[in-house]
Amino acid sequence: MDCLFCKIVNGDIPSTKVYEDEKVLAFRDINPQAPTHILVIPKEHIPSVDGINADNSAVVAHIFECIPKIAAAEGLTNGYRVVSNCGDDACQSVKHLHFHILGGKQLADTMA
């Protein structure tokens, strides 16, 4: 499989890790859109939100248990945004489920 994030999980491509456990990897985005911009991914390949099902939804729940811990460790005490792009129209650039943690400043109140 030629998946960028799977290569990062396998250690074939370096990343700036901020969190890792047996199911999840979180690392800094190389093109940050906010002062703090972290990607949180499952280590198993799930292509997008559309690929979440009964067999893999537990890892997504685990990701959402990790996100507040990661945000707290990054000092995002005044709030942050969590985003997942799904599909081409949403500009999903890597076809591996991932959640963006964005914060460190007052974010725009619009999403479009």
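Biologist: In β5, which residue is the bridge partner of I38?

Modeller: This is a predicted model, and in it β3 and β5 run antiparallel, joined by 5 bridges. I38 takes part in this pairing, and its bridge partner in β5 is I101.

Biologist: β5 also pairs with β4; which residue of β5 does V82 stand opposite?

Modeller: Strands β4 and β5 run antiparallel and are joined by 4 bridges. V83 has H100 as its bridge partner in β5. V82 stands opposite I101.

Biologist: What is the order of the strands in the sheet?

Modeller: The sheet is open, has 5 strands and pairs in the antiparallel sense. Its edge strands, each pairing on one side only, are β1 and β4. From one strand to the next the twist averages 20°. The order is β1-β2-β3-β5-β4.

Biologist: Through what do the strands of a sheet pair?

Modeller: In general, the pairing may be parallel or antiparallel. In either case, strands pair through backbone hydrogen bonds.

Biologist: How many residues lie between β1 and β2 in their hairpin?

Modeller: Strand β1 covers residues 17–20 and strand β2 covers residues 24–28, and the two pair in the antiparallel sense over 3 bridges. Within this pairing, E20 stands opposite L25. The hairpin has between its strands a number of residues equal to 3.

Biologist: What angle does the direction of α2 make with that of β3?

Modeller: Helix α2, residues 57–73, packs on the sheet. It touches β1, β2, β3, β4 and β5. Its direction makes with that of β3 (36–42) an angle of about 155°.

Biologist: How many residues of β5 are buried?

Modeller: Both faces of the strand are covered. On one side F99, I101 and G103 are buried, and on the other H100 and L102 are buried. β5 is therefore described as mostly covered, and the count of buried residues is 5 of 5.

Biologist: Is H98 buried or exposed?

Modeller: H98 is found in the loop between β4 (80–83) and β5 (99–103). Leaving aside neighbours within four places in sequence, H98 is in contact with F5, L39, V40, I41, V83, S84 and Q92. The cut-off for buried is under 20% relative accessible area. H98 has a relative accessible area of 4%, so it is buried.

Biologist: Which backbone oxygen does the side chain of H98 reach?

Modeller: The side chain of H98 makes this approach at 2.6 Å. The oxygen it reaches is the backbone oxygen of H96.

Biologist: How many residues apart in sequence are the parts tied together by F5 and F27?

Modeller: A search of the whole structure finds 2 aromatic pairs. F5 and F27 form an edge-to-face pair, with 5.5 Å from centre to centre and 80° between the planes. Both residues are buried. F5 lies in helix α1 (residues 4–9) and F27 in strand β2, so the pair ties together parts whose separation in residues is 22.

Biologist: Why does the pair of F64 and F99 count as edge-to-face?

Modeller: The pair links distant parts of the chain, with F64 in helix α2 and F99 in strand β5, 35 residues apart. The ring centres are 5.0 Å apart. Planes over 60 degrees apart count as edge-to-face. The two planes stand at 75°, so the pair is edge-to-face.

Biologist: Which class of exposure does F64 fall into?

Modeller: Its partner F99 counts as buried, at 6% relative accessibility. The partly exposed class lies between 20% and 50%. F64 is at 42% relative accessibility, and so counts as partly exposed.

Biologist: How many disulfides does a search of the whole structure find?

Modeller: A disulfide is a covalent bond between the sulfur atoms of two cysteines. Here a pair of cysteine sulfur atoms must lie within 2.5 Å to count. The sulfur of C6 is 3.7 Å from the closest cysteine sulfur, in C3, which is too far for a bond. The number of disulfides found is 0.

Biologist: What is the nearest cysteine sulfur to C86?

Modeller: C6 counts as buried at 14% relative accessibility, whereas C86 is partly exposed, with a relative accessible area of 28%. C86 is in no disulfide. The nearest cysteine sulfur is 12 Å away, and it is that of C91.

Key
Residues numbered from 1 in each chain as written. Predicted model: local features only at pLDDT ≥ 70, side-chain atom pairs only at ≥ 80, totals over all residues. Heavy atoms only, no water. Pairing = 2+ DSSP bridges. Buried < 20%, exposed > 50% of the residue type's maximum accessible area, 1.4 Å probe, protein only. Polar contact = N/O pair within 3.5 Å; in protein donor to acceptor, adjacent residues only side chain to side chain. Contact = heavy atoms within 4.5 Å. Phe/Tyr/Trp six-rings, centres within 6.5 Å; stacked < 30°, edge-to-face > 60°. Axes fitted to C-alpha atoms, helices over the stretch in contact; angles between N-to-C directions.
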